[in-house]
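Student: Could you walk me through this chain, one question at a time?

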Amino acid sequence: MDNSTPKITKESKNKIKVEFDRTPLKERLKAKFLNFYFFQTVVIKIFRFIFLLGIAYIVLFPFFSKIAGSFMAPEDFIDVTVRLVPKNFTLDIYKAIWTDLDYVEALINTTLISLLLALLQTFTCCVIAYGLAKYKFKGNGLIFMLVMVTMIIPHKTLQSSMSMNFTYFDIANILSTLSGGTIVDIDFFGLFQFTLDSPLSILNLPENSINLKNTIWPFIILSVTGLAFKNGLYIFMLRQFFRGIPDSLEESAYIDGSGDFRTFLQIILPMSVPMMITVFLFSFCWQWTDTFYTSMFFTNMKEAPMMLSQIIGIPKSLDTEYAGQTLYETAIRNTCGIMIIAPLVVLYVFLQRYLVEGIERSGLTAE
């Protein structure tokens with residue numbers, strides 16, 4: 001006896017559809033809308049819409065208020081009738097920031113430095129992550145654990161030692177040994193300064209060392225060695241991605257005579273473009289808004305390259321001597337913040353697809 005459920009054929013579906021279309025319109029509307037499933041669907045959609053609208057309002061309202069305030073004149077801040085729509089529309093704040101605070105110079109310097117460091121960090125983290133993911137050697141787990149530790153330790157705890165190391169940069173006391181204890185004072189094209197600071201000898205610091213403060217070299221060294229800000233996170237993401245690549249691809253390349261480095265460059269990296277773009281965007285954005293390392297390595301801000309993170313201030317050309325002076329100055333600083341993150345928003349719009357794809361493919365591989 002066949003107890004299997006009878007299959008609904010295409011002819012049966014067409015017959016049911018024809019019979020439904022022949023019924024009166026009133027009966028069809030009643031059957032379609034006056035049922036529990038329809039009411040349940042409508043209630044769920046209304047609740048979801050209101051819930052998402054509330055979240056969007058909470059998240060986006062501060063941005064809308066800051067953007068609206070950037071177009072207001074000083075008198076709008078003391079007018080109780082003005083909320084989000086300015087009565088006296090003006091671009092004076094943007095013009096003052098553009099000219100008085102050297103926005104263009106800061107934009108160029110920030111772009112070049114962030115681009116250089118992001119590229120260095122992306123490639124370095126790719127090499128480290130690939131080695132941890134694909135090569136089995138003693139200490140692999142220990143090295144990966146140390147990478148995870150770098151994600152846990154707050155960077156402020158390392159601020160003092162890091163600052164000292166780059167102020168008196170001397171690996172394994174090589175410079176002190178070569179100089180033989182003599183005083184060295186050399187300025188190498190403005191990049192390195194060999195100095196002797198005898199009062200600091202009680203701190204067991206090298207007498208002859210390189211002062212890397214007020215140069216970009218600390219950023220480059222940290223990026224090349226994989227020790228820069230958030231590099232532990234990048235290595236973790238890339239390692240998880242590389243572990244998901246089948247070993248058969250590399251084995252096929254090895255059989256064809258390809259070496260390790262060539263396989264990595266010609267086979268692995270082209271497959272990793274979405275993931276690399278994700279890491280690049282993270283690194284670029286964090287470098288773009290960095291104030292911690294900039295303030296630590298550039299002790300004299302007059303010698304530092306003009307960065308976007310430094311332009312938050314009050315332009316001299318804007319007269320803030322009004323009744324609403326505090327509110328107006330707050331709006332100016334908010335406008336500075338808007339102009340700082342505006343290039344990042346544009347970058348995200350163009351690379352959003354790669355960012356989402358890279359995040360979806362990171363950290364999902366089973367151990």
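Tutor: Gladly; what follows is a set of questions and answers on the fold, the cores and the helix packing.
This is a predicted model, in which local features need pLDDT of at least 70 and side-chain atom pairs count only at pLDDT 80 or more, while totals for chains, interfaces and linings use all residues. Residues are numbered from 1 along each chain as its sequence is written, and side-chain values use heavy atoms, with hydrogens and water left out.

Student: How many helices and strands are in the chain?
Tutor: Helices (H or I, at least four residues) and strands (E, at least two) are DSSP runs, numbered from the N terminus. By that rule the chain has 15 helices and 3 strands.

Student: What percentage of the residues in the chain is buried?
Tutor: Buried means under 20% relative accessible area, exposed over 50% and partly exposed in between, with a 1.4 Å probe and protein chains only. Of the 367 residues in the chain, the buried part is 34%.

Student: Which helix supplies the largest share of the largest nonpolar core?
Tutor: A nonpolar core is a set of buried Ala, Val, Leu, Ile, Met, Phe, Trp, Tyr and Cys residues joined through side-chain atoms within 4.5 Å. The largest one has 30 residues, and I97, L308 and I311 have the most contacts inside it. At least two residues each come from α4 (92-100), α5 (103-134), α13 (273-288) and α15 (325-360). With 10 residues, the largest share is that of α15.

Student: Which residues does L308 touch, not counting those up to four places away in sequence?
Tutor: Contact means heavy atoms within 4.5 Å. On that basis, L308 touches Y103, A106, L107, T110, W288 and I340.

Student: Is C126 buried or exposed?
Tutor: A second, separate core of 20 residues includes C126, along with A129, I245 and M275. The relative accessibility of C126 is 1%, so C126 counts as buried.

Student: How many disulfides does the structure hold?
Tutor: A disulfide is a pair of cysteine sulfur atoms within 2.5 Å. For C126, the nearest cysteine sulfur is that of C125, 7.4 Å away, and C126 is in no disulfide. The number of disulfides in the structure is 0.

Student: How are α10 and α13 oriented to each other?
Tutor: Axes are lines fitted to C-alpha atoms, for helices over the stretch in contact, and angles run from 0 to 180 degrees between N-to-C directions. Helix α10 (residues 231-243) packs on α13 at about 175 degrees, with the axes 10 Å apart. Angles under 35 degrees count as roughly parallel, over 145 as roughly antiparallel, 65 to 115 as roughly perpendicular and the rest as oblique. The two helices, α10 and α13, are therefore roughly antiparallel.

Student: How far is T278 from Y354 in space?
Tutor: T278 lies in helix α13, and at 0% relative accessibility T278 counts as buried. T278 is one of the α13 residues that meet α10. T278 and Y354 are 76 residues apart in sequence, yet their C-alpha to C-alpha distance is 6.7 Å.

Student: At what angle do the axes of α12 and α13 cross?
Tutor: The contact is made by L269, P270 and M271 of α12 and V273, P274 and M276 of α13. The axes of α12 (residues 260-271) and α13 come within 5 Å. Their orientation counts as roughly perpendicular, and the crossing angle is roughly 70 degrees.
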